[in-house]
Amino acid sequence: MPHLNLQISGPADSELARRASAAVADLTVDVLGKRRELIAIEVRFVERAHWFVGGRSLDELGRNSFFLDISITDETNTKDEKARFIEQAYARLSALIGEVHEVSYIHVVDARAAAYGYGGATQEHRYQAARIAAPA
């Protein structure tokens, strides 16, 4: 049930948004083992003149950047899986966007199950309900 926020430098580009969201959705399924039908992704574009690294705008630097924030339920993925996700997401987004500044961040947020959910139910509630319903 991950929720992803992806910010990309540059003017709004529907095709880039579609391709980038597909790439991170694929990684979320393939690397983190999440269910595709529960992945929600928001893509926003930020003008390069309004994005700063080291006190200089990306316009000045002649570079692009991105920030990917993904919330997953705590204790559902290992350190290695998260590291692999970050490595592969950086590579795929860099290839799609081009001229990416190294200071482009990916943040995997381990959200507590009792404080995170969708459809009006927490992940903790879903976990406990599944345990109760499981045959002994």
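Is E99 buried or exposed? Keep that residue in mind as you follow this tour, which moves through a predicted model and comes back to E99 near the end, although the short reply can be given now: E99 counts as exposed, because its relative accessibility is 56%, and exposed means over 50%.

**The whole chain**

Begin with the entire chain selected and drawn as a cartoon, so that the helices and strands can be followed by eye. You should be able to find 4 helices and 8 strands, and if you trace them along the sequence, they come in the pattern β-α-β-β-β-α-β-α-β-β-β-α. Along the principal axes, the C-alpha atoms fill a box of roughly 60 × 30 × 25 Å. The chain has 136 residues, of which 37% count as buried, and its accessible surface comes to about 8,000 Å², with 50% of that surface belonging to carbon and sulfur atoms. If you colour by charge, you will be looking at 16 positive and 19 negative charges, whose mean positions are 4 Å apart. Contacts also tell you how the chain folds back on itself: among those with a separation of 6 or more, 73% are between residues 24 or more positions apart.

**Strand β5 and its two partners**

Next, select residues 66-73, which form β5. This strand is largely enclosed by the rest of the structure, because 7 of its 8 residues are buried. Now add residues 3-9, which make up strand β1; 6 bridges join β1 to β5, and the two strands run antiparallel. To see one such pairing, show L6 and L68, since L68 in β5 is the bridge partner of L6. Then add residues 105-111, strand β6, which runs parallel to β5 and is joined to it by 7 bridges. Here a pair to display is I72 with D110, the latter being the bridge partner of I72 in β6. While the side chains of these strands are visible, remember that in a regular strand the side chains alternate between the two faces of the sheet.

**The loop after β5**

Move on past the end of β5 to the loop that leads to α3 (79-97), and select N77, which is found there. Is N77 buried or exposed? With a relative accessible area of 8%, N77 is buried, because buried means under 20%. Which residues does N77 touch, not counting those up to four places away in sequence? They are L32, K34, I72 and K82, and I72 is the residue you have just displayed with its bridge partner D110. Show the side chains of N77 and K34 together, and you will find a polar contact of 2.8 Å joining them; the side chain of N77 also makes a polar contact with that of T76, at 3.4 Å. If you draw a distance from the C-alpha atom of N77 to that of D110, it should read 8.9 Å, although the two residues are 33 residues apart along the chain.

In the loop between β5 and α3, also select E75. Unlike N77, which is buried, E75 counts as exposed, at 75% relative accessibility. Its backbone deserves a look as well, for E75 has a positive phi of about 70° although it is not a glycine. Most residues other than glycine have a negative phi.

**Back to E99**

Follow the chain through α3 and stop in the loop between α3 and β6, where E99 is found. E99, too, has a positive phi in a residue other than glycine, with a value near 50°.

**Helix α1 and strand β2**

Select residues 14-30, helix α1, and pick out S21 within it. S21 counts as buried, because its relative accessibility is 19% and the cut-off for buried is under 20%. The side chain of S21 reaches the backbone oxygen of R18 at 3.0 Å, and S21 touches I41 and V43 when residues up to four places away in sequence are left out.

Finish with V46, in strand β2 (residues 40-46). V46 counts as partly exposed, at 21% relative accessibility, and its contacts, again leaving out residues up to four places away, are Q7, I8, S9, G10 and W51. As a last step, draw the C-alpha to C-alpha distance from V46 to A133, which are 87 residues apart in sequence and 46 Å apart in space.

Methods
Residues are numbered from 1 along each chain as its sequence is written. This is a predicted model: local features need pLDDT of at least 70, side-chain atom pairs count only at pLDDT 80 or more; totals for chains, interfaces and linings use all residues. Side-chain values use heavy atoms; hydrogens and water are left out. Buried means under 20% relative accessible area, exposed over 50%, partly exposed in between (1.4 Å probe, protein chains only). A polar contact is a pair of N or O atoms within 3.5 Å; within protein, one must be able to donate a hydrogen and the other to accept it, and residues adjacent in sequence count only if both atoms are side-chain atoms. Contact means heavy atoms within 4.5 Å. Accessible areas come from the Shrake-Rupley method with a 1.4 Å probe; for residues, only the protein chains shown count as cover. Lys and Arg count as positive and Asp and Glu as negative; His and the chain ends are not counted. The place of a charge is taken as NZ of Lys, CZ of Arg, CG of Asp or CD of Glu. Two strands pair if DSSP finds at least two bridges between them.
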